Amino acid sequence: MNPVSARALDEAIAWQLRLDSGDATEQDHQDIQRWLTAHPEHARVWQQLGGIDRHLSAAAHPSARRALLRSGGVRRRSLHRITGSALALLLASGLGLGLLAQQRPLGDYLADERTGSGEHRELRLADQTRVQLNSRTALDVDFEGPERRLYLRGGEILVETGHDDPRPFVVETDQGRLQPLGTRFLVSREGDATRLVVLESAVAARSHYESADRVIRAGEQVWIADQRLGPTRSAPVGSDAWSRGLLVADEMPLGQLVDRLGEYRQGYLGLDPDLATLRISGVFPLHDSDKALAALPPSLPVRIERFSDWWVRVVPAKD
């Protein structure tokens, strides 16, 4: 890959920080578009920056994301020319372990199995258990002890248990222990909580601070948080739709929907902050985010602002 100049990289990061500030004006958008088309190098570095940023800071808080970009800029200024691969190394090393931990727990990078943003993967374990890993998932597999054990560090898994091994099968997280009773189920880590959704049969669940199991049956879900199991509730429709490349939204905040779609596309997908709390329902393709975005304006007072294939924003509809 041809190197990009330090100047072009500096300018790209400055534009990205401006875009993320929430104060970008229509004139700024026009100026960025002119900058992108002024030289082929500008478009190339913008695309490279978007891919690295998405890999290291997907779903991160904006303040951490800005720190990432600024951190990369400090060491970058001493360089005259860098390649695309060097850019990735520069930004990663410039973060330091502290900032990396803010973007994704450091332990995730040591997991036996893990996926990146927008990546799905299926494992077939020795006992014929099938495990599907959702985007940004980290999982350890231990079949050497008296139990067949999975430890979910982060993300979400869909498990369909096999029966070619008589030992108990267990899924553990920091919050609790789940033992399926011949079943198909979802486990996800969300902050300091674990969510269990049972799709078939049943799962015996308990927190690490409780001695008794509770049986969660097909069509039910439960959260494990604050050292205990929460109430058993009905599972939302389409909980496992991601395994088929779909996102099912039932009165979902638009901000959450855009964040999820953003994991599955190249470049920048933004949302006007005033629109984040709008609610939407529907079924959206995860791997064709342009098609998903095109379905928004008929249902909501929004329009899709497209400056290029790698820079798209959802903004209020014009009066």
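In the predicted model, alanine 225 of the E14–E15 pair stands opposite arginine 228 in E15. Strands E14 and E15 (residues 228-229) run antiparallel and are joined by two bridges. Two residues lie between the strands of this hairpin, and aspartate 226 takes a positive phi near 55° there. Strand E14 (residues 220-225) is also joined to strand E11 (residues 193-200), by four bridges and again in the antiparallel sense. In this second pairing, arginine 195 is placed opposite tryptophan 223 in E14. A further antiparallel pairing links E14 to strand E16 (residues 233-234) over two bridges. Here glutamate 220 has serine 234, in E16, as its bridge partner.

Threonine 183 is located in the loop that connects strand E9 (176-180) with strand E10 (184-190). Its relative accessibility is 5%, and threonine 183 therefore counts as buried. With neighbours within four places in sequence left aside, the contacts of threonine 183 are Val159, Glu160, Thr161, Val198, Glu200, Ser201, Ala202 and Val203.

The protein chain as a whole contains seven helices and 21 strands. Of its 319 residues, 50% count as buried. Among contacts in the protein chain with a separation of 6 or more, 50% are accounted for by residues 24 or more positions apart.

The largest nonpolar core comprises 25 residues, and those with the most contacts inside it are Leu254, Leu257, Phe284, Leu296 and Val314. At least two residues of this core are supplied by each of strand E17 (246-253), helix H6 (254-262), strand E18 (268-271), strand E19 (279-285), helix H7 (289-294) and strand E21 (311-316). H6 provides the largest share of the core, with four residues. A second, separate core has 23 residues, including Val131, Leu139, Leu152 and Val198. Val198 is also one of the residues in contact with threonine 183.

The buried residues of H6 are Leu254, Gly255, Leu257, Val258, Leu261 and Gly262. Viewed down the axis of H6, these buried residues fall within an arc of 160°, so they line one face of the helix. Two of the H6 residues, Leu254 and Val258, are touched by valine 314. Beyond residues up to four places away in sequence, valine 314 also touches Gly270, Leu271, Asp272, Leu275, Leu293, Leu296, Val302, Arg303 and Ile304.

Helix H2 (residues 26-38) has 13 residues, which at 1.5 Å a residue should span 18 Å; the end C-alpha atoms are 18 Å apart, in agreement with that expectation. Asp28, His29, Ile32, Trp35 and Leu36 are buried in H2. Seen down the axis of H2, the buried residues fall within an arc of 125°, so they line one face of the helix. Thr37 and Ala38 are exposed and are carried on the face of H2 turned away from its buried side.

Histidine 29, a residue of helix H2, has a relative accessibility of 3% and so counts as buried. Apart from residues up to four places away in sequence, histidine 29 touches Leu19, Ala24, Glu305, Phe307, Trp311 and Arg313. Phenylalanine 307 is 278 residues from histidine 29 in sequence, yet their C-alpha atoms are 8.2 Å apart in space.

Two of the residues touched by histidine 29, Phe307 and Trp311, are aromatic partners of each other. The count of aromatic pairs comes to one. Phenylalanine 307 and tryptophan 311 form this pair in a stacked arrangement, with 4.2 Å centre to centre and 20° between the planes. Both phenylalanine 307 and tryptophan 311 are buried.

Arginine 313, another residue in contact with His29, is placed in strand E21. At 13% relative accessibility, arginine 313 counts as buried because the limit is under 20%. With neighbours within four places in sequence excluded, its contacts besides His29 are Leu19, Tyr268, Gly270, Asp272, Arg303, Ile304 and Glu305. The C-alpha atoms of arginine 313 and tyrosine 268 are separated by 7.9 Å, while the two residues are 45 residues apart along the chain. Leu19 and Glu305 are in contact with arginine 313, and histidine 29 touches Leu19 and Glu305 as well. Gly270, Asp272, Arg303 and Ile304 are among the contacts of arginine 313, and valine 314 likewise touches Gly270, Asp272, Arg303 and Ile304.

How values were computed: Residues numbered from 1 in each chain as written. Predicted model: local features only at pLDDT ≥ 70, side-chain atom pairs only at ≥ 80, totals over all residues. Heavy atoms only, no water. Expected span 1.5 Å × (residues − 1). Buried < 20%, exposed > 50% of the residue type's maximum accessible area, 1.4 Å probe, protein only. Arc of directions from axis to C-beta. Phe/Tyr/Trp six-rings, centres within 6.5 Å; stacked < 30°, edge-to-face > 60°. Contact = heavy atoms within 4.5 Å. Core = buried A, V, L, I, M, F, W, Y, C linked by side-chain atoms within 4.5 Å. Pairing = 2+ DSSP bridges.
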